[in-house]
Amino acid sequence: MPKVTINDRTVEVEAGTNLVDAAMKVGVQIPHYCYHPRLSVVGQCRMCLVKIEGMPKLQAGCSTPVVKDGMVVRTDVPEVAEAQKGMMEFFLLNHPLDCPICDQAGECGLQDYSFKHGVAYSRFQYEDKRTYPGRERIPLGANVLLNMNRCIQCTRCVRFTQEVTKTAELGFFNRGARTEIGTFPGKELNNDLATCVVDICPVGALTSTRFRFAERVFYLDKKPSLCTGCEVGCNITVEHRRGSIKRYKPRFNVDVNDYWMCDYGRSTFELYKTTPRLVTPRVRAEGGNGHSPVTPTSWKDALDAVARRLRGNQETVAFLGSGFLTTEEAYLFGQLADLAGSPHRSVPVDLGDPHTIPRHGQPPISGREAAPNRRGAELAGLAPGIADGKAMTGELLTSDELVHGDGASRCSALVVCDSYFSRAAYDPAVVERLRKAKFLVVFGWADSPLAQAADVALPVATHTEKEGTFVNVEHRVQRFDRAFPAQGQVRPGVEVLSDLLSRFDAKWANLSAGAVFDRLAATVPAFAGLSWHTLPATGAPLHLAGVPGDAIAAETAPGTGIE
Amino acid sequence: MAAFEPVLTRNVGKPEALSVRGYRQGGGYEGLAKSLKMEPDAVIEEVKKSGLRGRGGAGFSAGLKWSFIPKGKDKPKYLVCNADESEPGTFKDRLLMEHDPHQLIEGCAICCWAVSAATCYIYIRGEYTQAAATLERALKEAYEQGILGDSVMGSGFKLDMYVHRGAGAYICGEETGMLESLEGKRGQPRVKPPFPAVVGAFGSPTVINNVETLCNVPHIIVRGADWYKGIGTDERNTGPKLYAISGHVERPGTYEYPIGVTFRELLDGAGGMWKGRTLKAFIPGGASAPILKADQIDIKMDFDTVAKAGSMLGSAAVIVMDETTCMVRSVARLSKFFNHESCGQCTPCREGTNWMELVLKRLEHGEGTERDAQLLLSICKNIGGNSLCALGDAAIGPVKSLVDRFPEEIHQHVRDRACPFPKQRYFSNGA
């Protein structure tokens, strides 16, 4: 592999690597706007100019590949700084400088590079700025708005629609200083990944209608998390202010979602805001055949009530799992089921629209299930017909039986692990069927009709309020952080379950998600060798030898949707 | 000028040369016939030896350019003839195409044989309707006469030639912008490298030559490189050259001289200054060439001498300006052209050409400041060498020469708060 020397630091790179990427390897940042690792190189912003020994002119770093040994590059010489200063001046000539009302302010390429490479005064004093009257807020599609005045014509968005989504809605129109971005006649920017153009836009020209004016970005707290929109498990950043989520943004993971995420995924946090929350534990008074009033109660009383019922129960106890549980919660529910001696556990499959993310050098990843972690929940202990690690035979109450049949009427106790286990939780007929259980316990964050019908309703955290792992469609286990703490009496599921299990056995007391994951890794073969603290940021593939084939995964094999 | 027999323009004014028969009577297609009997490499060698340099502006050795085309048959090869002559002041190729289309076809065919290209596109400026029609007619006849098509002059060499009309963008005269346009895309230059000789039209090796360059080729083949080298100033500046003279002269037009004729001879040939006025300045090589002052009147008009004088021969479009010319206004008008024609792709050219025009317009209207000269130089410095293609460099040529060579005129505009020259309409809209 050829060696290249950048600012006296030598690095060996793969032949063909461009200088922007090569410099990154030695910790030298070459400023750039139009270059993006997943888009074709056009070399047109001219911000990445560098000095190469032996070349008379400065060269664009993005379009200069390292092909053979001995290239000597400098980015810290005065002529490069001069050129960068000149480019910054050009960029800002006709830019409206409306940062105070611009959504991008705080994460803007123009702001950042102006501070680093620009000058603090303007020589453009006597002329009028070029404007695009009437093009200040053009909806390109349902989710993206264009302000042409702020555009720096880097064409990242155009190339994104041409090369990544291959839908080519956007084009470069007009020429010279009048050049503008726009949709082709009769086309709208409404592909599944449309909002990604907002992410890759280095300035405030493209803004998201969903996030527009929602919050100044410098007030946002950002935490790495996962999208719960489907089983792909896109890596995201949850951006919130004091617990109020403002947006999800994709987080780079070359094995999952690359740099992208779909517009549907971005919208999923709105569910947390629009759905009424379960805020206190509630217990229904004894007697009255399920029609007694429910009253808010303390966690202690509520968990005592559940423990009493499960311990004293020698009849049928069923567990209706959920693909929204973290692997750790599912594991603890599995333990609970073991203690209750119940083989009746299952995770419902909720098929929705497919969501497909193109990846670099790999086939696209596609998810059809609406829940992020059905696989993890099943592997961790909620697979049907397994109790205490041993397969059980006989009639099993599966999720199908419970949700669509009259299985619940045969239950002396039914534990619904998530009040929003799927959209079916909002179906009155389903609620009525599940209510036929003699004793109905519902965990969950949503105060769904099902939670309201429960004998014991337990408020647990949403996925942004807890930490844990999800197993995605390709059986990759990925960890996510808590973005912000749950409010009031709401507690993370692991904490609640650990509390509940400790009523049966003291060894379960005071467990964190990490401790649960490590126990899970020690007992479940698929997770063998993994540990909470060493799990890579990009996740790890599970060992699936010996795990039965996955019918749903085969059915939703990549290749659907965007090609 | 001692009797110089025109080479490239010998058929100008002879309508019979528009037909294959008439062209052949004047010795036409002999060069093609001769080269088909030569090895392709020998043709390239002959052209290299002749010292023929590209007539489009850059002055790069044509033979060398051809030799960059990789051998081998894994990819088709193309010749694209650059007939997108759009630089203000340039109208030499038009003459060749309208009066002697077969000379161009022959030159193209020889080049295709030399680089083993089976397809040739003549990318012609959209406004050249008559030239395009003439070429189309000539092509049709050439096909009928077996000069083009499945077997070029019975040699078995297959060659197709097409006329492709542009849509009126200067930037499509830039070689990679032309290729994009030819491929049906937005005409904007590509990042180089890779150069067209490796990745050109449709991803294949491509030679791109100017009309006049290719018109020289048949004569080199027929009369030999040594004869060709005998014309011109020295080893590096050889052959006949067309000069398109416009501006304040009595008889503007296209004139053929051996390369290296002095500007004074050119001027005299064109009938001298208009109305006997005095020469103030001239542009030696089209709108992008820095302006020279009258004291350079005895300059030899070849590539190297003009470059040494701080300008460039470019396409040899000579624009002559007399003492009534306001240099600020002239350069402002040139800047307007480059601003209008910038493709908008790269930052320095898109923003810089626009800014320069605004500053110059302001100066011309008497609203300039003493700092503007320095400002213009600084903008030129930020554009120069930093743009994606040569248009940025082209745009700064006249501006830099204005500041360097006519500073007193800028100063006068600022001091008087008005243009000191008689009022003429500056922009077409009267502004």
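**Exercise 1. Ala305(A) and its surroundings**

Task: In this predicted model, find the element that holds Ala305(A), and decide whether the residue is buried, partly exposed or exposed.

Solution, step by step:

- Start with the element: Ala305(A) belongs to helix 8 of chain A, which covers residues 299-312.
- Next, count neighbours. There are 19 C-beta neighbours inside 10 Å of Ala305(A). A residue is buried with 20 or more, and exposed with 12 or fewer, so Ala305(A) is partly exposed.
- Then look for contacts. Leaving aside residues up to four places away in sequence, Ala305(A) touches Val283(A) and Val456(A).
- Finally, try a distance: Glu395(A) is 90 residues from Ala305(A) along the chain, and their C-alpha atoms are 28 Å apart.

**Exercise 2. Two positive phi angles in chain A**

Task: Locate Asn174(A) and Asp258(A), and say for each whether it is buried or exposed.

Solution, step by step:

- Some background helps here: most residues other than glycine have a negative phi.
- Asn174(A) is not a glycine, yet its phi is positive, about 65°. You will find Asn174(A) in the loop that runs between strand 8 (170-173) and strand 9 (180-183) of chain A.
- With 12 other C-beta atoms within 10 Å, Asn174(A) is exposed.
- Asp258(A), also a residue other than glycine, has a positive phi near 55°. The loop between strand 13 (244-250) and helix 6 (263-267) of chain A is its place.
- Asp258(A) has 24 other C-beta atoms within 10 Å, so Asp258(A) is buried.

**Exercise 3. The overall form of chain B**

Task: Work out whether the radius of gyration of chain B agrees or disagrees with that of a compact globule.

Solution, step by step:

- For 431 residues, a compact globule would have a radius of gyration near 22 Å. Chain B has 22 Å, so the value agrees.
- Add the extents: the C-alpha trace of chain B spans about 70 × 45 × 35 Å along its principal axes.
- Now the composition: chain B contains 17 helices and 11 strands, and 57% of its 431 residues count as buried.
- Last, the contact range. Take the contacts in chain B between residues at least 6 apart in sequence: 71% of them join residues at least 24 apart.

**Exercise 4. Two helix pairs in chain B**

Task: Classify the packing of helix 13 against helix 14 of chain B, and of helix 3 against helix 9 of chain B.

Solution, step by step:

- Begin with helix 13 (residues 327-341) and helix 14 (residues 347-364) of chain B, whose axes come within 8 Å and cross at roughly 155°. This angle makes helix 13 of chain B roughly antiparallel to helix 14 of chain B.
- The handedness follows: helix 13 of chain B passes helix 14 of chain B in a left-handed crossing.
- Among the residues making this contact are Val328(B), Ala332(B) and Phe338(B) of helix 13 of chain B, and Met356(B), Leu360(B) and Leu363(B) of helix 14 of chain B. By class, the contact of helix 13 with helix 14 of chain B has seven nonpolar, four polar and five charged residues.
- Turn to helix 3 (residues 40-50) and helix 9 (residues 211-223) of chain B. Their axes come within 10 Å and cross at roughly 100°, and the two helices are therefore roughly perpendicular to each other.
- Here Val43(B), Glu46(B), Val47(B) and Ser50(B) of helix 3 of chain B meet Val217(B), Ile220(B) and Ile221(B) of helix 9 of chain B. These residues divide into five nonpolar, one polar and one charged.

**Exercise 5. Where chain B touches chain A**

Task: Identify which element of chain B gives the largest share of the side that touches chain A.

Solution, step by step:

- Count both sides: 25 residues of chain B and 28 residues of chain A take part in the contact.
- List the contributors: helix 13, helix 14 and helix 15 (372-383) of chain B each give two or more residues to the side of chain B that touches chain A.
- Pick the leader: helix 14 of chain B supplies the largest share, nine residues.
- Sort by class: the side of chain B that touches chain A has eight nonpolar, 11 polar and six charged residues.

**Exercise 6. Cis peptide bonds**

Task: Which residue is joined to Lys192(B) by a cis peptide bond?

Solution, step by step:

- Recall that most peptide bonds are trans.
- Lys192(B) is joined to Pro193(B) by a cis bond, with omega about -10°.
- Another cis peptide bond joins Pro193(B) and Pro194(B), with omega about 0°.
- For the location, Pro193(B) lies in the loop between helix 8 (175-182) and strand 4 (206-210) of chain B, and Pro194(B) is found in the loop between helix 8 and strand 4 of chain B.

Technical notes. Residues are numbered from 1 along each chain as its sequence is written. Chains are lettered from A and ligands numbered from 1 in the order in which they are written. This is a predicted model: local features need pLDDT of at least 70, side-chain atom pairs count only at pLDDT 80 or more; totals for chains, interfaces and linings use all residues. Helices (H or I, at least four residues) and strands (E, at least two) are DSSP runs, numbered from the N terminus. The radius of gyration is taken over C-alpha atoms; the globule rule is 2.2 Å times the number of residues to the power 0.38. Two residues are in contact if their C-beta atoms, placed from the backbone, lie within 7 Å. Axes are lines fitted to C-alpha atoms, for helices over the stretch in contact, and angles run from 0 to 180 degrees between N-to-C directions. Angles under 35 degrees count as roughly parallel, over 145 as roughly antiparallel, 65 to 115 as roughly perpendicular and the rest as oblique. A crossing is left-handed if the near helix is turned anticlockwise from the far one by less than a right angle, and right-handed if clockwise. Ala, Val, Leu, Ile, Met, Phe, Trp, Tyr, Cys and Pro count as nonpolar, Asp, Glu, Lys and Arg as charged, and the others, Gly among them, as polar.
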